[in-house]
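Subject: A structure for you to explore

Hi there,

I am passing on a structure that I hope you will enjoy looking through. Please open it beside this email and follow along at your own pace.

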Amino acid sequence: MTLKALLAATALSTALGFSASAAELTVGFSQIGSESGWRAAETVVSKAEAKKRNINFKIADAQQKQENQIKAIRSFIAQGVDAIFLAPVVSTGWDSVLKEAKEAQIPVVLLDRDIDPSGKELYLTAVTSDSVHEGAVAGEWLAKTVGTKPCNVVELQGTVGASVAANRKKGFDTAIASHSNIKVVRSQTGDFTRAKGKEVMESFIKAEGGGKNICAVYAHNDDMMVGAIQAMKEAGLKPGKEVLTVSIDAVPDIFKAMAAGEANATVELTPNMAGPAFDAIVAFKTKGTVPPKWIQTESKLYTAADDPQKIYNSKKDLGY
Ligand code: AHR
């Protein structure tokens with residue numbers, strides 16, 4: 001056998017052996033819900049990544065409620081799944097149920113959000129971005145864009161108690177701390193939804209002289225920003241021109257707004273958290289490879305200079 005043929009045969013048998021093992025795996029995913037476009041994209045991508053690897057994948061939609069997530073995890077344990085993926089809606093209150101998973105020897109992988117550090121021993125790995133860094137990227141973009149001009153910022157926070165909401169706030173606050181011209185004058189949760197983002201932005205506009213005192217909006221996700229843009233337009237303001245916008249996720253609709261000149265910047269959060277998580281679980285289950293405690297995904301800044309229409313089209317083509 002030639003070396004080329006040998007390599008091809010080895011690759012084939014590895015591929016066959018790998019997919020055969022992966023095909024036997026059942027993974028349960030306790031998903032938060034469908035509060036945002038990003039969340040819906042994550043669900044779509046997770047299913048596709050499971051299919052690629054021939055994994056039997058069960059998703060439980062918690063409709064934003066931690067108690068539903070706890071019930072789903074208990075049900076996955078009772079079904080004897082091989083692994084559990086968890087996108088924790090809030091960061092606390094997981095100890096008991098994760099101890100139950102550990103006792104049942106079912107590895108847990110956190111997707112896109114963290115739990116409190118006290119729970120570190122209770123999961124195998126976490127596939128997340130650095131959400132403090134995301135907030136910092138947003139803050140640095142704003143600081144660079146406004147320069148020395150005075151700038152009053154209103155902030156739409158994510159779900160109260162979610163790790164990403166606390167971290168995105170912290171990163172942004174730290175990035176603007178040395179810029180005394182930039183001040184966060186109002187900050188409230190919009191629960192990561194478009195409707196709440198709009199509602200809270202309407203109240204900010206009222207409280208800030210019809211919006212004339214607002215120089216920029218920072219939203220912890222794009223959906224809240226899309227809602228805020230709507231509120232600004234209805235109030236006669238020009239988002240993206242008179243009022244700067246910076247948010248997080250990089251979902252198609254924010255690129256649509258950018259292409260229309262109504263949004264300025266977004267920090268990308270990949271919806272593909274499940275791909276690296278499946279790879280980690282397959283390697284763990286088939287070869288005993290222990291993954292790093294944190295599998296970090298990238299955070300890239302996009303602005304109106306990045307051909308938003310083209311990005312919108314390409315994301316739409318991917319089914320987001
Ligand atoms: O945990 C990730 C966040 O959850 C996304 O940024 C937001 O859109 C989603 O709801």
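Below is what I found, going from the domains down to single residues. Please keep in mind that this is a predicted model.

**The two domains**

The domain assignment splits the protein into domain 1 (3–129 + 271–289) and domain 2 (131–269 + 303–317). Each domain is written as two stretches of the chain, as you can see from those ranges. Their C-alpha centres are 31 Å apart. Where they touch, domain 1 contributes 13 residues and domain 2 contributes 14 residues.

How much area is buried between domain 1 and domain 2? The figure is about 1,100 Å², and carbon and sulfur atoms give 55% of it. On the domain 1 side, look for Trp38, Arg113 and Ser129: together they supply 42% of the area that domain 1 buries against domain 2, more than any other three residues. Sorted by class, the domain 1 side of the contact has five nonpolar, four polar and four charged residues.

How many salt bridges run between domain 1 and domain 2? The count is zero. There are, however, six residue pairs in polar contact between domain 1 and domain 2.

**Salt bridges**

As general background, side chains of opposite charge can pair when their charged atoms come close. The count for this model is 19 salt bridges. Here are three that you can find by residue number.

- Arg53 pairs with Asp279, with the closest N and O atoms 2.8 Å apart. Arg53 is in the loop between helix H2 (37–52) and strand S2 (56–61), while Asp279 is in helix H10 (residues 274–287), so the pair links parts of the chain that are 226 residues apart. Arg53 counts as buried because its relative accessible area is 14%, under the 20% limit. Asp279, at 38%, is partly exposed.
- Glu100 pairs with Arg74, and again the closest N and O atoms are 2.8 Å apart. Glu100 sits in helix H4 (residues 95–103) and Arg74 in helix H3 (residues 66–79), 26 residues apart. Both partners are partly exposed: Glu100 has a relative accessibility of 28% and Arg74 one of 39%.
- Glu155 meets Lys169 at 2.7 Å, N to O. Glu155 belongs to strand S6 (residues 151–157) and Lys169 to helix H6 (residues 163–176), 14 residues apart. Is Glu155 buried or exposed? With 0% relative accessibility, Glu155 counts as buried, whereas Lys169 is partly exposed at 23%.

Salt bridges can also join up into a group. Glu35, Arg39, Glu42, Asp112 and Arg113 are linked in a network of them. You have already met Arg113 as one of the residues that supply buried area on the domain 1 side.

**A buried arginine**

Helix H6 also holds Arg168. Arg168 counts as buried because its relative accessibility is 2%, and the limit for buried is under 20%. Which residues does Arg168 contact, leaving aside neighbours within four places in sequence? They are Ser131, Glu134, Gly135, Phe192, Tyr218, His220, Ile248, Asp249 and Leu269.

**Helix H9 and what covers it**

Next, go to helix H9 (residues 252–259), where the buried residues are Pro252, Ile254, Phe255, Ala257 and Met258. The elements that cover these buried residues include helix H8 (222–234), strand S9 (244–249), strand S10 (265–268), strand S12 (301–303) and helix H11 (308–317). Just after H9 comes Gly261, which takes a positive phi of about 75 degrees.

**Positive phi without glycine**

Two other residues have a positive phi although they are not glycines: Asn54, at about 65 degrees, and Asp191, at about 55 degrees.

Where is Asn54 found? Asn54 is in the loop between H2 and S2, the loop that also holds Arg53. Asn54 is partly exposed, with a relative accessible area of 48%.

Asp191 is in the loop between strand S7 (182–189) and helix H7 (194–207). Asp191 is partly exposed too, with a relative accessible area of 30%.

Happy exploring, and write back with any questions!

Best wishes

Conventions
Residues are numbered from 1 along each chain as its sequence is written. This is a predicted model: local features need pLDDT of at least 70, side-chain atom pairs count only at pLDDT 80 or more; totals for chains, interfaces and linings use all residues. Side-chain values use heavy atoms; hydrogens and water are left out. Domain bounds come from an automatic or database domain assignment. Contact means heavy atoms within 4.5 Å. Buried area is the accessible area (1.4 Å probe) that two parts lose on being put together, summed over both. A salt bridge is a side-chain nitrogen of Lys or Arg within 4 Å of a carboxyl oxygen of Asp or Glu. A polar contact is a pair of N or O atoms within 3.5 Å; within protein, one must be able to donate a hydrogen and the other to accept it, and residues adjacent in sequence count only if both atoms are side-chain atoms. Ala, Val, Leu, Ile, Met, Phe, Trp, Tyr, Cys and Pro count as nonpolar, Asp, Glu, Lys and Arg as charged, and the others, Gly among them, as polar. Helices (H or I, at least four residues) and strands (E, at least two) are DSSP runs, numbered from the N terminus. Buried means under 20% relative accessible area, exposed over 50%, partly exposed in between (1.4 Å probe, protein chains only).
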